[in-house]
Amino acid sequence: ATAAGGGAGSAAALWSEVNRCGQNGDFARALKSVNKILQISKDDVTALQCKVVCLIQNGNFKEALGVINTHTKVLTSDVIAFEKAYCEYRLNRIENALKTIQSASQQTDKLKELYGQVLYRLERYDDCLAAYRDLIRNSQDEYEEERKTNLSAVVAAQSTWEKVMPEDLGLREATYELCYNSACALIGQGKLNEAMKKLQKAEAFFLFALVFLQDVTEEDIEAELAIIHGQMAYIMQLQGRTEDALQLYNQIIKLKPTDVGLLAVIANNIITINKDQNVFDSKKKVKLTNAEGVEHKLSKKQLQAIEFNKALLAMYTNQADQCRKLSASLQSQSPEHLLPVLIQAAQLCREKQHAKAVGLLQDFADQHPANAAEIKLTMAQLKIAQGSVTKACMILRSIEELQHKPGMVSALVTMYSHEEDIDSAIEVFTQAIQWYQQFQASQTRGANPKSPVHLSLIREAANFKLKHGRKKEAISDLEELWKQNPKDVHTLAQLISAYSLVDPEKAKVLSKHLPSSDTMSLKVDVDALENSHGATYVRKKAGKVTGDNQQKEQGQGDVKKKKKKKKGKLPKNYDPKVTPDPERWLPMRERSYYRGRKKGKKKDQVGKGTQGSTTAGSSELDASRTASSPPTSPRPGSAAAVSATSNVIPPRHQKPAGAPATKKKQQQKKKKGSKGGW
């Protein structure tokens, strides 16, 4: 009994110690007391709960989850559902956390809050929005501002990733977090100028809030501002202000923020700005996207975009195997996505395997008909690059949903005209016009009004036929246009011109519809027109010169004839008594008396005098000629440059041989030719 009483007394003291440490926030010391209690009573439910809470507060989520899983009989889901789900959430086991929350018998406010966070991480934004609305409606505590912030974050995510038009939730932008989320939603809608103003407002709110915040370090301030500035730089990039965006991105990286997600996004954006230029900088930046924990900080679309850019960077840096590996991995993750197969095709084109690239694209188009249009456009581009314009036209005409589009019709007609296939070009016009006729008939229940696009196609078809001498085929199109607008004189004139070659009588009948010359007269001031600068210039130029003007011109001609020609300059050593050399105008080598240059006896010497002289034994003293000396850097194109297995340091890392001597020689030359001096 005494021993039992002593144990109970020590347990009570330990519990009071746990309570005191918990209130002071000293959870490490509280954990020690809890462990002592569990030594006395290992299945104490309260002690086990306290131990789990202490471990969570100390950041030991894995150990806390281990305690829960070890004592499942005591710590049932009803008792510790929130703690278990929270540990799973922090360990990035999001699916497990969702199951734990859904299996709880009672949905407390804490579980509902965590449920909203889990849904956000799973990118189930509609369910998340409903969960936070329910929380805000049924909760009244000091965390209402945080819930509104989370709600605005969900709306921003919907606008950015799902392109959903956000509804006005009536949230008052009283904090910088709400302003920031509102700016993100505006970016998703493409309202970049408004988004920039919101971000500037968010920055002002944050700087103002610092006045009332205590114990805020410089690192905390820089981290918060880095997020805002990163979004500003992204807007600049979208606006085409790439230099400003790049400067701001680099400033953020220099600050070395601890947020790996922010660094990964900024590095990815810099890579997109660099494109196929400055690849060495891109290879440095891509390392930031591989940091540990990045996959838990970014959305699926962000991670996917980063992987796409890695594959493109591998292609730009001629890492063909790496590019194929990354694009194949992306295709296995998203079989219906276009970019992986386009990257693979681009890599094959860089390797001059155009036929294989077209085959790859064709297989993808057959397997995914929904995305076939964009793939076939790429195939047509490859065929054009190969010079197969006719095959490219066949591919384009196989895209049924684009056949009637004005842009497609224009492209096909241009390509067929280039190939001088006028019949096929006219067929393209005919098919497009028929499509619009059928579509409008179905929309207007038998009525036949012509849309502007339809009339424009008929007009272009008629002009094309007239241009290529197909006036007989253009008549039906011109009649249709004139029927739609009988006051169109230009169309009527074209119609009469076409009929004049086919049916002259019909042309005469139609010519009666032309307006009379009185109605066609224009109010033109003839005197003003004749006195204009252009008309005066033409009249003076065209007019004949007669009378005094002609005599003046003849007189001027006489004066010009009397002008004496200037005497040519004679050389200084000219002697009139000596006959000039008749071959003086020929080059020296072509003159009859040229005997060539006198060859010196010492042709092996470099030059004259002491500076350029060499000794007969110089070749023996030259270390580069000995067998034991290492080979020097070969000249471009020399046989020594063929060796690819040598371990010589590349030239850009090597100090050029003889560089000091060259520099010294240049200095001597400069000194010799200088005029001033010290």
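Which residues are linked with E17 in a network of salt bridges? In this predicted model, the partners are R20 and R29, which join E17 in one network. That small cluster makes a handy entry point to the charged pairs of the protein, but the overall architecture deserves a look beforehand.

The fold is helical throughout its regular secondary structure: 34 helices are assigned, and the number of strands is zero. The chain counts 678 residues, of which 31% are buried. About 46200 Å² of the protein is exposed, with 52% of this area supplied by carbon and sulfur atoms. As for the contact pattern, when residues at least 6 apart in sequence are considered, 47% of the contacts join residues at least 24 apart.

One stretch of the chain also carries a label from a database. An unreviewed UniProt entry annotates residues 226–259 as "repeat: TPR". In the model, this segment is 76% helix and 0% strand. The C-alpha atoms at the two ends of the segment lie 10 Å apart.

Helix α4 offers a good view of how a single helix can be divided between cover and solvent. Spanning residues 61–70, α4 has F61, A64, L65, V67 and I68 as its buried residues. These five residues sit on the same side of α4, because the arc they cover around the axis is only 155°. On the face turned away from that buried side are the exposed residues K62 and T70. The cover over the buried residues includes helix α3 (45–57) as well as helix α5 (77–90).

Salt bridges come next. Their count in the protein is 15, and several of them can be followed in detail. E113 pairs with R147, with 2.3 Å between the closest N and O atoms. E113 belongs to helix α7 (residues 109–121) and R147 to helix α9 (residues 144–161), so this bridge ties together parts of the chain that are 34 residues apart in sequence. The two partners fall into separate accessibility classes: E113 counts as partly exposed because its relative accessibility is 22%, whereas R147, at 4%, counts as buried. With the cut-off for burial at under 20%, the assignment of both residues follows directly.

R147 also appears in the surroundings of I136, a residue of helix α8 (residues 125–138). Leaving out residues up to four places away in sequence, I136 touches R147, K148 and L151. For I136 and L151, the C-alpha atoms are 9.2 Å apart in space, while the separation in sequence is 15 residues.

A second bridge connects E351 with R324, and here the closest N and O atoms are 2.8 Å apart. E351 is found in the loop between α18 (338–350) and α19 (354–367), while R324 is part of helix α17 (residues 320–333); the pair thus links distant parts of the chain, 27 residues apart. Both ends of this bridge are partly exposed, E351 having a relative accessible area of 27% and R324 one of 34%.

R324 has a further contact in Q347, which lies in helix α18. Beyond its neighbours within four places in sequence, Q347 is in contact with M315, A320, C323 and R324. Is Q347 buried or exposed? Its relative accessible area is 5%, so Q347 is buried.

A third bridge joins R470 to D423, the distance between the closest N and O atoms being 3.0 Å. In this case R470 sits in the loop between α24 (452–467) and α25 (471–484), and D423 in helix α23 (residues 422–444). The two residues are 47 apart, and the pair again links distant parts of the chain. R470 counts as partly exposed, with a relative accessibility of 23%.

The surface also has a nonpolar feature to show. F208, V211 and F212 make up a nonpolar patch of about 380 Å². Within this group, F208 is placed in helix α11 (residues 192–209). The relative accessibility of F208 is 53%, which means that F208 counts as exposed.

Terms used: Residues numbered from 1 in each chain as written. Predicted model: local features only at pLDDT ≥ 70, side-chain atom pairs only at ≥ 80, totals over all residues. Heavy atoms only, no water. Buried < 20%, exposed > 50% of the residue type's maximum accessible area, 1.4 Å probe, protein only. Helix = DSSP H or I, 4+ residues; strand = E, 2+ residues; numbered from the N terminus. Arc of directions from axis to C-beta. Contact = heavy atoms within 4.5 Å. Patch = residues over 30% accessible without salt bridge, like charges linked within 9 Å, V, L, I, M, F, W, Y side chains within 5 Å. Areas by Shrake-Rupley, 256 points an atom, 1.4 Å probe, with all protein chains shown as cover. Salt bridge = Lys/Arg side-chain N within 4 Å of Asp/Glu carboxyl O. UniProt positions renumbered as here; feature names shortened; annotations may be inferred.
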